[in-house]
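Please open the model in your viewer and keep the selection tool at hand. The stops below go from a single side chain out to the whole chain.

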Amino acid sequence: ITIWKTVLQTDKIGITDNFFELGGHSLKAVQIANRIQEEFSVAIGLKEIFLYPVLQDQSDLLAALEESVYEPIPVAAVQDGYPLSYAQRRLWFLDQLGIAKQSFNLCWLCNIELGSKVFNPTAFSNAMKTIVNRHDSLRTIFKSEAGEI
């Protein structure tokens with residue numbers, strides 16, 4: 001119950017409550033699965049969370065599963081470049097063929113309604129810089145050097 005309370009940010013959770021009816025969604029399900037693995041050393045997948053969204057059913061499932069040692073993904077050492085994953089390599093190949101340009105690059109426009117407030121371009125710029133600095137993937141580039149990407 002504690003994991004659900006933390007992830008769903010609510011104090012009122014009963015054993016017959018449904019994860020999705022309490023505001024759960026796929027991203028929160030990932031958090032639930034990770035926290036269960038860390039705390040109880042039992043691996044539960046997203047599929048199981050979707051199949052057993054009621055806390056009691058999920059608890060019964062966890063009791064039946066074998067113990068699985070939690071191993072966090074190691075943080076890569078800082079270096080000048082990193083090898084591409086298979087998925088990244090595939091996208092790079094598609095991009096070189098000219099196929100990926102429309103499929104994987106999304107542009108969007110956001111209309112910000114301020115009501116009676118005045119838009120502060122400096123604050124907006126600082127917020128965007130903070131987001132980009134916080135997420136490596138927003139600063140990632142792919143380039144070819146000596147035939148390697």
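Select I32 to begin: in this predicted model I32 has a relative accessible area of 1%, and because the cut-off for a buried residue is under 20%, I32 counts as buried. The residue sits in helix 2, which covers residues 26-40. Now display the residues around I32; with its neighbours within four places in sequence left aside, I32 is in contact with I3, W4, V7, F19, I49 and Q58. For one of these, V7, it is worth drawing a C-alpha to C-alpha distance, since V7 and I32 are separated by 25 residues in sequence and by 6.9 Å in space.

From V7, move along the chain to Q9, which is found in the loop between helix 1 (2-8) and helix 2. Is Q9 buried or exposed? With a relative accessible area of 70%, Q9 is exposed. Its backbone also merits a look, as Q9 is not a glycine and yet has a positive phi of about 55°. Most residues other than glycine have a negative phi.

Next, select S41, in the loop between helix 2 and helix 3 (46-51). Here again the residue is not a glycine, and the phi of S41 is positive, at about 55°.

For the following stop, select D80, G81, Y82, T140 and I141, which are the closest to the centre of the largest pocket among the 17 residues that line it. The space in this pocket comes to about 650 Å³. If you colour the lining by class, you should find seven nonpolar, four polar and six charged residues.

Finally, zoom out and switch to a cartoon view of the whole protein. Which secondary structure elements does the protein have? There are seven helices and zero strands, so that the pattern read along the sequence is α-α-α-α-α-α-α. The C-alpha trace spans about 55 × 55 × 30 Å along its principal axes, and the radius of gyration is 21 Å, whereas a compact globule of 149 residues would have one near 15 Å. Of the 149 residues, 17% count as buried, I32 being one of the buried residues. Among contacts with a separation of 6 or more, 50% are made by residues 24 or more positions apart. A surface view, as the last step, shows the area that the protein exposes, about 12,100 Å², of which carbon and sulfur atoms supply 56%.

Conventions
Residues numbered from 1 in each chain as written. Predicted model: local features only at pLDDT ≥ 70, side-chain atom pairs only at ≥ 80, totals over all residues. Heavy atoms only, no water. 1 Å grid on protein atoms, 1.4 Å probe; cavity = no way out; pocket = protein on both sides within 12 Å on 5 of 7 lines; lining within 4 Å. Points joined across faces, edges and corners; volume = space filled by probe spheres on them. Nonpolar A, V, L, I, M, F, W, Y, C, P; charged D, E, K, R; others polar. Helix = DSSP H or I, 4+ residues; strand = E, 2+ residues; numbered from the N terminus. Rg over C-alpha atoms; globule rule 2.2 N^0.38 Å. Buried < 20%, exposed > 50% of the residue type's maximum accessible area, 1.4 Å probe, protein only. Contact = heavy atoms within 4.5 Å. Areas by Shrake-Rupley, 256 points an atom, 1.4 Å probe, with all protein chains shown as cover.
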